[in-house]
Amino acid sequence: MSEIPHIAGDPYGYAAFIRQAHQNNWQQYLASLRGGARRGWDLCVLTASDERQAAMYRAQLEGRREAGLLPRDMRFLVMADPPGPRIGSGGATLRVLSALSRDPLGRVLIIHSGGDSRRLPHCSAIGKLFARLPRALPDGRASTVFDEFLISLSGLAHELPDGVLVASGDVLLVFDHLQLALQRPGVTGVAAAAPAEMGTHHGIYVTDDNGHSLRAYLHKPSLKELARQKAIAPDGTVQIDTGLVWLDGATVGQLIALGEMEAVRAATLNLYGDLLLPLSASTVRDDYLADTSDGLATSAVQAARAIIWERLRGIPFNVERVSPAVFIHFGTSYEYWEMVAADPALAELVGWERQVAAMPPRDAATSSLVLVNAVIEGSVRPGTLPALVVDSHLSGPFSWQGAALVANVCAEQPLALAQDVVVHQLPMPGGFVTRIFGLYDDPKRAWDVDGTFMNRSWAEWLAAAQVEPEALWPGLSPAEWILWHARLFPLAATREESLRLALQLQQPELAPPGWREAWLAAPRQSLASGFALAEGEAILREIGELEDDVAARRFLQAVHDEGSADVIKAILGSTPAAIARRGERVAAALSQMDAILRLRGFKALAVAANRVEREDAAFRTLAEMIAATAHVPSPRSSPTGGAPATSVRVEAAARIDLGGGWTDTPPYSIERGGTVLNAALTLRGEYPIAVEAIRLAEPRLILESRDIAASLEPRLAGELMAYANPADPFALLKAALVMHGIVPATAPPDMPVAELLRAQGNGLRLTTRTSIPRGSGLGTSSIMAGAVLACLTALEGKELPTAELFDQVLCLEQMLTTGGGWQDQVGGLTGGIKLVETAPGLPQQLRVTPLRLRPETTQALAERLVVVYTGQQRLAKNLLRAVMGRWMARDPEMVWILQEIARLALAMRAALESGDLDQLGWLLAEHWALNRRMDPGCTNPFIDGLFARMAPYICGGKLAGAGGGGFAFVVARDAARAAQLAQALRQYYPGTPVGVWTSAIPATGMRIRRHS
């Protein structure tokens, strides 16, 4: 249960005060994780009821240490109570202090967390201290009570002297630690204001007139007793014991000495009722010796109390009250559900969320679901109150009535819960057990007094089940007939069978025929045996696997929702081990998904794990997508369009990309469609790209590059298969021959090329030439690829539709691993200025719209459009991968830039059609600014200087292609300035390649000449 003071309307700003205090605590916690912060707690000690529970705690601490969730400068120790009779919270405190006596004290935090959590059974195996809470920790996992302790107490230790703070593991306090003064000598208890009615369920401090010295300590007093003790303040509140008690160094020393005494060690002692009660001024010795509020006053207890009274009486007991504060008690299943799922004011104050590390159903209203490390896949039919689902995976339909608490349940079958039900699964030796009970059941109450099961009296439930009490409590005396010991829950080999049998316990009168007999015959476990026999390692392993599964699912969902990879990478965790585990899950799931999701997902994985092979998988997926839809020629198809030629020569224009370049590049164009404005370009009066294919009588294959005066005559097919190397001057020709089927992709690598050609009836000489420098930015490689494919097709006497040719170039560039889009080949192989657009999807269906310019605009453009060679060279492969990788990763800046340059392409078309060449220049300058943001490497000081030198003569311009070198094209202010620009460049850059190249925009982009 929680108490939030004065929240309605927040008239005094209490809520704002607490929210800020909690934010301060959170920041202190984050600082402690980084290390080097102000000194905090030196040691945190967790007490456990036995070694089995202690092992669970140590494992959970180790997991947090590996994930960087524990303060760097803080040591942790787990101490189990010794075997035998329970030693109580007082005995555990003395035992811890004795262990600490070997070293200097320092600042110590003790969290008492032992016990079997009888009134919160779903936490019994893992420990109430590690009950889940709906906050995401820095590594993405869901918080627990323990983590909230670290957060709320993170700043408290900074100003403390050496001493010990003792805390109860089932109570959290949200407060401003700067309100506490723990420097007074002796013991200091921390109190929080709470309504008097709430105080009847807790310990109450009553102070003297100075407000700090303890006058009386009341244990669960009645309202009458509170009034008699004058414990109720004028505002109707009492000082509730928060479970926080500070022991100064001197008191610690006295307690250590006390714990060495045999009579004290032999008794079960409570921290408050036995060790601290004597410190209250109003405590009477005889009443103290006989007190039974915390259990029987046995002779051993009374003997210990006599010594305690003698040794500790007189130690000052101070009370520090914090206000405002939120007191949160995790006492029962109902309290836990209420705080986590049904108290929005509390959640808002402390920053809890409705769903943390969870995957809710996409198509269902989730306002009634509070999910913590949980997956809900099926349909949801909510009850009248929220359902809290923790560490669970529900694949089937889920419905409930009233409220519900589901913990550690993994089920494929429908889960239908009755009114106000808790369902919890445990792995045990021999299988699994499903424990199901009422949210209001108290497992400690006697069956025949006020005990309940499934929120019904035992008498009513037993009658409905037609079973006698002895069947549930075999071998136990009636005094032990409580829910905790009732053997109700069948042990089964699988989770599904266990759940199927247990669900009928909700309303046994409605169970199907045969269920009662099967239930009675099954080995049945109690809540107690579940606590004793639960397989702790299996529980933690299953929780960890579910955390991995949830993280992988959330990551995939974020990819689907086009989240930025730099943001969503945090979902996979903070440690290399977690990222690797979860990344494997993501990769396995991606292999079964849509190709677009695969390439985005693999790129996001590459960002998260910094693994280049994941990015390779993304681009490999892209290549496969394009290849699957491209019109690849078949070597067995019969020639159409005429007889085969003996030789063919193809000449092609270059291209300039006015606007929209990059939007044509897959996968952007596949996902969003492309919009590019470009133009074909001749240079120095000629078509700068040429390919020639000549049939040879002998079965020889000769590849020639006139640009570098090199030739290659491969002997084996395998030499032609090695085309994925952009540095190979013959890579493009090799890939084209394989794509065209002249060298089948299935040919054995050791097959002689002569044998392949002999079967086709002739050899081949294939020659390429360009008259523009390498790395020009004018689309040379893509246009050359189109010219080569057109040449080979024409050699066979075929007519190749331009749409198929463009597709094949796209596929060829994927084979070469250079990537690329469709605008280069369209720009050079199609004449004039045109707007080229595609819709999303594959194959890309190009819509080419030539611009119809007024004659005066055409003339002015011929005079004012100036092409300038920068003398720099560039290669686009790595840049293409980097830019499209950023798009795949949904880099927000890249998403915006690509949208903007598509807009600029349309704006440029409008400027040209209206004859506004000044506007065209300004738009080119804007585009160039975006290119520089997209890739700062697309320019350098020399190029920046060149543009600065040209600025007086031009309205604007940009580098061709992706930038980094090659050609620039600019719009001169007028024809005279164009001539002056050419002269200025000759004068400023003498002896360099920098200068204006004469150019023109031809009406025809590609010319094919056949010879029979």
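Let's start with the buried residues of helix H4: they are Val145, Phe146, Asp147, Glu148, Phe149, Leu150, Ile151 and Ser152. Keep in mind, everyone, that what we have on screen is a predicted model. H4 covers residues 145-152, and since 8 of its 8 residues are buried, the helix is largely enclosed by the rest of the structure.

So what does H4 meet in helix H1? On the H1 side we have His22, Asn25, Trp26 and Tyr29, and they meet Glu148, Leu150, Ile151 and Ser152 of H4. By type, the residues of that contact divide into 4 nonpolar, 3 polar and 1 charged. As for the geometry, H1 runs over residues 14-34, and its axis and that of H4 come within 7 Å, crossing at roughly 95°. The two helices are therefore roughly perpendicular to each other.

Now please scroll along to strand E31, residues 701-705. This strand is mostly covered too, with 5 of its 5 residues buried. Here is a reminder you'll all know: side chains in a regular strand alternate between the two faces of the sheet. In E31, Leu701, Leu703 and Ser705 point one way, while Ile702 and Glu704 point the other way, and all are buried.

Which strands does E31 pair with? One is E33, residues 763-770, which runs parallel to E31 and is joined to it by 5 bridges. Another is E32, residues 710-712, which pairs with E31 in the antiparallel sense over 3 bridges. Glutamate 704 is a nice residue to click on here: it stands opposite threonine 767 in E33, and opposite serine 711 in E32. The hairpin of E31 and E32 has 4 residues between the strands, and in it alanine 709 takes a positive phi near 55°.

Let's finish with the nonpolar cores. The largest has 150 residues, and Leu417, Trp461 and Leu488 are those with the most contacts inside it. Strand E21, residues 415-428, gives this core its largest share, 8 residues.

What does tryptophan 461 touch, leaving aside its neighbours within four places in sequence? The contacts are Phe453, Met454, Arg456, Val467, Leu472, Leu488, Leu505, Pro508 and Trp519. Leu488 is a name we just heard, as one of the residues with the most contacts inside the core.

There is also a second, separate core, this one of 131 residues, and among its members are Ala551, Ile579, Leu764 and Ile897. Thanks for listening, and I'm happy to rotate the model for anyone who wants another look!

Definitions and conventions: Residues numbered from 1 in each chain as written. Predicted model: local features only at pLDDT ≥ 70, side-chain atom pairs only at ≥ 80, totals over all residues. Heavy atoms only, no water. Buried < 20%, exposed > 50% of the residue type's maximum accessible area, 1.4 Å probe, protein only. Axes fitted to C-alpha atoms, helices over the stretch in contact; angles between N-to-C directions. Parallel < 35°, antiparallel > 145°, perpendicular 65-115°, else oblique. Contact = heavy atoms within 4.5 Å. Nonpolar A, V, L, I, M, F, W, Y, C, P; charged D, E, K, R; others polar. Pairing = 2+ DSSP bridges. Core = buried A, V, L, I, M, F, W, Y, C linked by side-chain atoms within 4.5 Å.
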